6 protein chains.
Amino acid sequence: MHTGLFIGRFQPFHLGHLDALKQALAENDRVIIGVGSAEENYTEDNPFTAGERFEMIESALSQEKIAREKYIIIPIRNIQNFSLWASHVKLLCPTFETLYTGSHMVKELFARHAPDIKIRDLKFNKKICATEIRTQILKGNKSWEKLVPKAITEYLKKHKAQARLKDIRLPRK
Amino acid sequence: MHTGLFIGRFQPFHLGHLDALKQALAENDRVIIGVGSAEENYTEDNPFTAGERFEMIESALSQEKIAREKYIIIPIRNIQNFSLWASHVKLLCPTFETLYTGSHMVKELFARHAPDIKIRDLKFNKKICATEIRTQILKGNKSWEKLVPKAITEYLKKHKAQARLKDIRLPRK
Amino acid sequence: MHTGLFIGRFQPFHLGHLDALKQALAENDRVIIGVGSAEENYTEDNPFTAGERFEMIESALSQEKIAREKYIIIPIRNIQNFSLWASHVKLLCPTFETLYTGSHMVKELFARHAPDIKIRDLKFNKKICATEIRTQILKGNKSWEKLVPKAITEYLKKHKAQARLKDIRLPRK
Amino acid sequence: MHTGLFIGRFQPFHLGHLDALKQALAENDRVIIGVGSAEENYTEDNPFTAGERFEMIESALSQEKIAREKYIIIPIRNIQNFSLWASHVKLLCPTFETLYTGSHMVKELFARHAPDIKIRDLKFNKKICATEIRTQILKGNKSWEKLVPKAITEYLKKHKAQARLKDIRLPRK
Amino acid sequence: MHTGLFIGRFQPFHLGHLDALKQALAENDRVIIGVGSAEENYTEDNPFTAGERFEMIESALSQEKIAREKYIIIPIRNIQNFSLWASHVKLLCPTFETLYTGSHMVKELFARHAPDIKIRDLKFNKKICATEIRTQILKGNKSWEKLVPKAITEYLKKHKAQARLKDIRLPRK
Amino acid sequence: MHTGLFIGRFQPFHLGHLDALKQALAENDRVIIGVGSAEENYTEDNPFTAGERFEMIESALSQEKIAREKYIIIPIRNIQNFSLWASHVKLLCPTFETLYTGSHMVKELFARHAPDIKIRDLKFNKKICATEIRTQILKGNKSWEKLVPKAITEYLKKHKAQARLKDIRLPRK
């Protein structure tokens, strides 16, 4: 069985993630979706909890009719010492052979510190960016709704994403 | 959809766990299997890594023909402040309504600190105990093989469990 | 007995804090003053230690003739996982019913993760801001002295606040 | 003003603590009561949270008619590096000159790492011991009730201390 | 025997460090070189691991024919609570009497929290700055090569410093 | 250049350590002495700080006329996740090729998680054991003095090791 690891922070999961994940699924029997910065939440860069991100990813993949046995979702917390991070990921996940990621840094860390893992490039749609999506949500624009799966739009509205982003962005006294 | 959380350390996953999990599965659409003490490994109480425990659980459930969409496996690390632990679990997992566990302590922590979660009792086979299984593996007895699913016996032999337990138990200089 | 929690970082305690605290005292038998980011010190945002902030608050309240049994001061350290923070605060403090804070984020975290606590708004004087006070101290202006209780002015001078802020702000080699 | 630090874990606060604290109060204008191992709870050695211990101490001292301005209660978490611990305590508390404790280890750590603090001995009633009290509560004996202030007996009964100790003591599956 | 502590992050070790170290060596029988932020690596401010920095320092000093018994290299990790940092350093190192550093902040922390240590000023060449060297490496300029010992130039090229800095600087998806 | 890593906790450094270290020195150009559990101190198992252990090792090797360029001493703190520990050690030290240790567990962790490092056995004198030495010091026997280098006997007496061990061993109130 071929298993890939697709790693990201998914704040939130968008159409660029979905497209890249489909490429990884095409090359593997199944894909582990590693949810990075899992214990960070309610910050500008990481507004959603690991549990919320799990739910978003699952709802998007369900809508796409991707079978549940094709993917596993694993929360992965940050550790301060980046050089240990690739080993940390390997210890939390079932065995995988191939890494997929849009982050050059993650590739570098695996290349140096987990040389047994193959690294494969995916075609990432660089026009879709989670930081920009969060900015648009915060501003109350609707342009972001075209950049995420429908299930994600519904999830973010239902969970009052704009209000949360505003509360986080406001200065603390 | 009804979701339960079945929480344990699974060092290793045994027939008592399997039987209890089946009871939880019978009451829910799906069950989250929370792998506790996820970042502990190579200790007497927690010899196997989170990734190894993931593989063991999955191989046992696969052998039992339990469909992959019926369960999710989430590693959950310990935090020193026990009173925060139930909240920590909730933040890492997708939404669940019901807790299943053989640990009185886990029940107490959820009852006090996560009162929105229902706690349901399962019939645990008290004759099967992971601590005793580890002791038998260490001694080189074969009696433990009857207490775990066949897939687990194979896994533990292939991964040289006895040698690991011996290395851990030997005094450090 | 009615107990409120008034939470802030108090870097330093200023007339805006004092005014808001008096409002909270008027509504409660006593108020817990939670000193946030308690283990941070000697940084730009948190130059003073928890012990120093304790002394500043106490000296200002003493000067105001606020009786000692009306307030409790509790240091509260940060934890990286914000979603756990409201529970963390509750575990460190004696029982309280009402939260007072100038931070929208703190309100949001309590609203979502500690729904048993009431949240009450206070009228904060938005013209007084600790960040601005630290900037003025650093520059050697005297304008900040009108923004803090007299006891705080004396404390900051005696403890050479300007020199500390300069040392912190200088680039590290 | 003379300030003493009286440090302990108070699991629970008993008549030996009360008697020693009174001796410290007699020598000082006020006493800081440092609640050690503040972030530990729901363990055999530390069953009660910092907030619960705060409430117990305050209720006992209130019953004794000790004025609120005579004492301050500060939670102090453990840090793994014991040699840093005396400095850690000093940073969390307002200035104090004298240390009181029943622990030889705490005395040694202050003597070596905080030589500016005086260490004074108190007469501790060695017949009263928190470990023994917890054992008696667990067993359901009533003998412990004579060893703690009345307010503590009431608090422990109201908060179902025996049930908690049982849950903690039972083996985890 | 006179022992000095020379503390820095050495990202990378440059001619300004070398010159200052020689001044410290001239005043002592030997010098402890404390490698700060030891557990940080693969970040913009701290791209190199503690082990790599050890190797760079040693290769530069070897090229300078500085005898091995004249210096000790000790990795020192950061701790979040700065006020404890001077004590933390003292516990990790053999006894020293004098501190040398280019950081005002480090001087302030030792002055307040380790008053038994003498602080001596060195003449630092302020034209050489590690931040600027990293920027030049990243841009592919060669100007930085004149600012570091030859052994460091070779080390950084051999270890592909430019590629690492690029991977770190690129935005994470 | 051949470099070995000799790893232990050295609580305290004894003749068994010295003899094994000499074997490692005979096979290498130099040896890194990794001081494990570096941030633990004032506990029964780890009574001495990293700095004290550094001084003890250095004084013993100096007395043996082992040249200073033959060895490096590096403090190595514990991390809770043992599977990451071998990588953690490699990141803190300059490059080494060979591991020497009396601990089966350390060998196992390197064999599995750092397969590029050779593991070589040394002849350890099993009659000399640091735990037993600490027990004898505590009891006030003199038998331990024959088990450590003379420099260590002097160091332990000068630093009042017996008094420290007594303070640690006494029950905390």
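Copies of a chain are superposed here by least squares on the C-alpha atoms of residues with pLDDT of at least 70 in both. The model is a predicted one, in which local features need pLDDT of at least 70 and side-chain atom pairs count only at pLDDT 80 or more, whereas totals for chains, interfaces and linings use all residues. Residues are numbered from 1 along each chain as its sequence is written, chains are lettered from A and ligands numbered from 1 in the order in which they are written, and side-chain values use heavy atoms, with hydrogens and water left out.

**First stop: the axis**

Select chain A and chain C together; a turn of 120° with a shift of 0.0 Å along the axis lays chain A on chain C with an RMSD of 0.0 Å. That is the relation of a three-fold axis. To find the axis from chain A, pick Gln80(A), whose C-alpha lies 6.8 Å from it and which comes closest to it of the residues of that chain.

**Second stop: chain A against chain C**

Keep both chains selected and show contacts, meaning heavy atoms within 4.5 Å; 15 residues of chain A are then in contact with 15 residues of chain C. The buried area, that is, the accessible area (1.4 Å probe) that two parts lose on being put together, summed over both, is about 1400 Å² for this pair, and carbon and sulfur atoms give 49% of it. The interface has 1 salt bridge, a term for a side-chain nitrogen of Lys or Arg within 4 Å of a carboxyl oxygen of Asp or Glu. Zoom in on Arg164(A) and Glu108(C), whose side chains form a salt bridge at 4.0 Å, N to O. Helix H7 of chain A (residues 161-169) gives the largest share of the side of chain A that touches chain C, namely 3 residues. Helices (H or I, at least four residues) and strands (E, at least two) are DSSP runs, numbered from the N terminus.

**Third stop: chain A against chain B**

Now replace chain C with chain B, where 21 residues of chain A are in contact with 21 residues of chain B. These two chains bury about 1800 Å² between them, 56% of it on carbon and sulfur atoms, and 4 salt bridges are counted between them. One to display is that of Arg30(B) with Glu58(A), in which the closest N and O atoms are 2.5 Å apart. On the side of chain A that touches chain B, helix H2 (50-63), strand E3 (71-75) and helix H3 (85-92) each supply at least two residues, and the largest share, 5 residues, comes from H2(A).

**Fourth stop: Glu39(C)**

Move to the loop between strand E2 (30-35) and helix H2 (50-63) of chain C, and select Glu39(C) there. Is Glu39(C) buried or exposed? Its relative accessibility is 10%, so Glu39(C) counts as buried, where buried means under 20% relative accessible area, exposed over 50% and partly exposed in between (1.4 Å probe, protein chains only). Beyond its neighbours within four places in sequence, Glu39(C) is in contact with Arg77(C), Arg77(D), His88(D), Gln80(E) and Asn81(E). The side chains of Glu39(C) and Arg77(D) are joined by a polar contact of 2.7 Å; the term covers a pair of N or O atoms within 3.5 Å, where within protein one must be able to donate a hydrogen and the other to accept it, and residues adjacent in sequence count only if both atoms are side-chain atoms.

**Last stop: chains that do not touch**

Finally, show chain A with chain D, which do not touch and whose nearest C-alpha atoms are 18 Å apart.
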